[in-house]
Amino acid sequence: IGLTVERVPESVMEFYIEFLELAKTDRHTAVMEYCHFEDVESRDLTASAPNLREYEIIEWECLSDNLWAVEAKLTDITFPHGCYGMNYVGRIDGKYYVMTGIGQIPYELSAGLDIEHYEPWGEDVVDPEDIIGPIT
């Protein structure tokens, strides 16, 4: 990957790249097979997004022994110049999953962690509930 990262296992980085590569040809399958969601609405919204065109991994950070944050620039038809965002890879029941936002991280993985600074920021951020309605 060309990225030297401490405390992030190679298997975590490889898993995330496998997810991104599959999302270039079949975003729906990538989301359904590689991602964990806390709610069905977010899963369906993410699975219906267009396939990725390109990606660039900016930075990895180890949050715990079972949770890693990754900043990436993702490019697709809706964001032709790319969109920066945070994804997470977590180990749940011994298996890795990608989480597309902090709201998708299970409490068991985030308990005791200071993850507020990973919240989306800026005036261009849209609350998912404004798009899909109340999340239950």
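Three worked exercises on a predicted model follow.

Residues are numbered from 1 along each chain as its sequence is written. Local features need pLDDT of at least 70, side-chain atom pairs count only at pLDDT 80 or more, and totals for chains, interfaces and linings use all residues, while side-chain values use heavy atoms, with hydrogens and water left out.

**Exercise 1.** Find which helix or strand gives the most to the largest nonpolar core.

Solution.
- A nonpolar core is a set of buried Ala, Val, Leu, Ile, Met, Phe, Trp, Tyr and Cys residues joined through side-chain atoms within 4.5 Å. Buried means under 20% relative accessible area, exposed over 50%, partly exposed in between (1.4 Å probe, protein chains only).
- The largest core has 24 residues; Tyr 16, Phe 19, Trp 60, Trp 68 and Val 89 touch the most other members.
- H1, H2, E1, E2 and E4 each supply at least two residues. Helices (H or I, at least four residues) and strands (E, at least two) are DSSP runs, numbered from the N terminus.
- H1 gives the most, with seven residues.

**Exercise 2.** Classify Gln 104 as buried or exposed, and list its contacts beyond four places in sequence.

Solution.
- Gln 104 has 8% relative accessibility, so it counts as buried.
- Its contacts (heavy atoms within 4.5 Å) are His 36, Phe 37, Glu 38, Asp 39, Ser 42 and Met 99.

**Exercise 3.** Identify what the salt bridge of Arg 27 and Asp 76 ties together.

Solution.
- A salt bridge puts a side-chain nitrogen of Lys or Arg within 4 Å of a carboxyl oxygen of Asp or Glu.
- Arg 27 and Asp 76 meet at 3.9 Å, N to O.
- Arg 27 lies in helix H2 and Asp 76 in strand E2, so the pair ties together parts 49 residues apart in sequence.
- Both residues, Arg 27 and Asp 76, are buried.
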